[in-house]
Amino acid sequence: MEKKKQKSINDILPLDLIQRILLRIPVKHLGRLKCVSKLWHSLISDPDFAESHLHLSFAPTHACIYIKNSTEAYLVHLDEAFNGDNYQVKELSFPFKKKPTSEFRVMGSCRGFVLLHQEPYYFVVWNPLTGFSNIVHRSMGRYSYFLDNAILYGFGYDASRDDYLVVVAWQACGCQLLHCFSFKTNSCISLDVHSSSRWVLLSGDLVGCS
Amino acid sequence: MSGISDTERMITLKTVEGTLFDVKSSIAKDLKTVQAFIDDSDDDVTSPIPLPNVFTRELSRILDYLNNHHRFRSGIEKADEEMARYDAEFAKSMSHEELKALILAANYLNVKDLLEFLNQTVADVIQNKSVEFVRNFFGIENDYTPEEEEKLRNENEWAFNGVEQD
């Protein structure tokens, strides 16, 4: 653009209108749009905006990630894959600063976050679409987190407390033990559960049925 | 005329340029700002209601949209397809400047459905475009230094793939 257009009041849309437009843009484009200006950056980075974007679901993201090994992961948008022949397979970069020394496993995903566990101590919460990651180091107390021994484990969201939880259940000495780790409080609750109870992880909610 | 029912009552609106538009009160209900003005008035509104922020071109388009949508909603079953076709043509018929002007007018007049539709239209236009295009569209100045912008682009590098050329 050679000549700078004269700015009139009609050129500039008010902030709340811009926000309502941004709520309709899929997450995969929002990272780029943060570069438009500092105001847009803070608008898009605002946690309330993220919450609204998720709940209003004008532009839901349905994506699938494939973790090939500890250095390769890929992402495909499912609506692209199902709607056309040309879909992009995006290579993702892991949130680890260096190649992990031991294997890691995907514990689950919830609301766009993927939980990775690197044995025995590290949990990583990772959003492959925005690049956000948070590493939590957890010393395990009585039990080491070797998940091969777990009956079930999962990652979910507790709306009542606005908290993300990791749940792991083991069988040991005839008892079932449940560990529930809260990211908000960075602490763990362990519960001894009656051995006849069965637990099922359903869409991020832990459901007990006996 | 005698025995005028509520739905036949006409409201007169006046744009910035002074053009007068006669609007059925059933249509005026969708212009929530106007309806609020009517509701707040003690007497029946007989003189033209001035709209100091709305130009003739925009009001004409808004009324066209509302009249057509009312027609679709009260018509036969096939209306959904016809409405979608109308909406697509409506969106395509405007330049980006006209689209922005219409959003401003629809926002001022508080025309909810039209505003949602226009917001989606703009979202569809800009989502795959470059940062420069978006700045230009909204008339936004870049307040990042070149270094800051470089850093941001690197952090979000994956999002810059597959972007349409301007």
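**Notes on a predicted two-chain model: salt bridges and chain B**

1. Asp16(A) has a relative accessible area of 39%, so it counts as partly exposed. Bear in mind that this is a predicted model. Asp16(A) pairs with Arg20(A) in a salt bridge, with 3.4 Å between the closest N and O atoms. Both sit in helix α1 (residues 15-22) of chain A, and because they are 4 residues apart, about one helical turn separates them. Arg20(A) is partly exposed too, at 29% relative accessibility.

2. Next, a link across chains: Arg24(A) and Glu116(B) form a salt bridge at 2.3 Å, N to O. Arg24(A) is in the loop between α1 and α2 (27-33) of chain A, while Glu116(B) is in helix α6 (residues 112-126) of chain B, so this pair joins two chains. Arg24(A) is buried at 8%, whereas Glu116(B) is partly exposed at 25%.

3. Chain B has its own pairing: the side chains of Arg135(B) and Glu149(B) meet in a salt bridge of 3.3 Å, N to O. The first lies in helix α7 (residues 131-138) and the second in helix α8 (residues 146-155), so parts 14 residues apart in sequence are tied together. Arg135(B) and Glu149(B) are both buried.

4. Have a look at α5(B) as well. Of its 14 residues, 10 are buried, among them Glu98(B) and Leu102(B). Glu98(B) also belongs to a salt-bridge network with Arg57(B), Glu58(B) and Arg61(B).

5. Finally, the surface: Asp39(B), Asp40(B), Asp42(B) and Asp43(B) make a negative patch. Asp42(B) is in the loop between α2 (32-40) and β3 (49-50) of chain B, and its 79% relative accessibility makes it exposed.

Definitions and conventions:
Residues numbered from 1 in each chain as written. Chains lettered and ligands numbered in written order. Predicted model: local features only at pLDDT ≥ 70, side-chain atom pairs only at ≥ 80, totals over all residues. Heavy atoms only, no water. Patch = residues over 30% accessible without salt bridge, like charges linked within 9 Å, V, L, I, M, F, W, Y side chains within 5 Å. Areas by Shrake-Rupley, 256 points an atom, 1.4 Å probe, with all protein chains shown as cover. Salt bridge = Lys/Arg side-chain N within 4 Å of Asp/Glu carboxyl O. Lys, Arg positive; Asp, Glu negative; His and termini not counted. Charge placed at Lys NZ, Arg CZ, Asp CG, Glu CD. Buried < 20%, exposed > 50% of the residue type's maximum accessible area, 1.4 Å probe, protein only.
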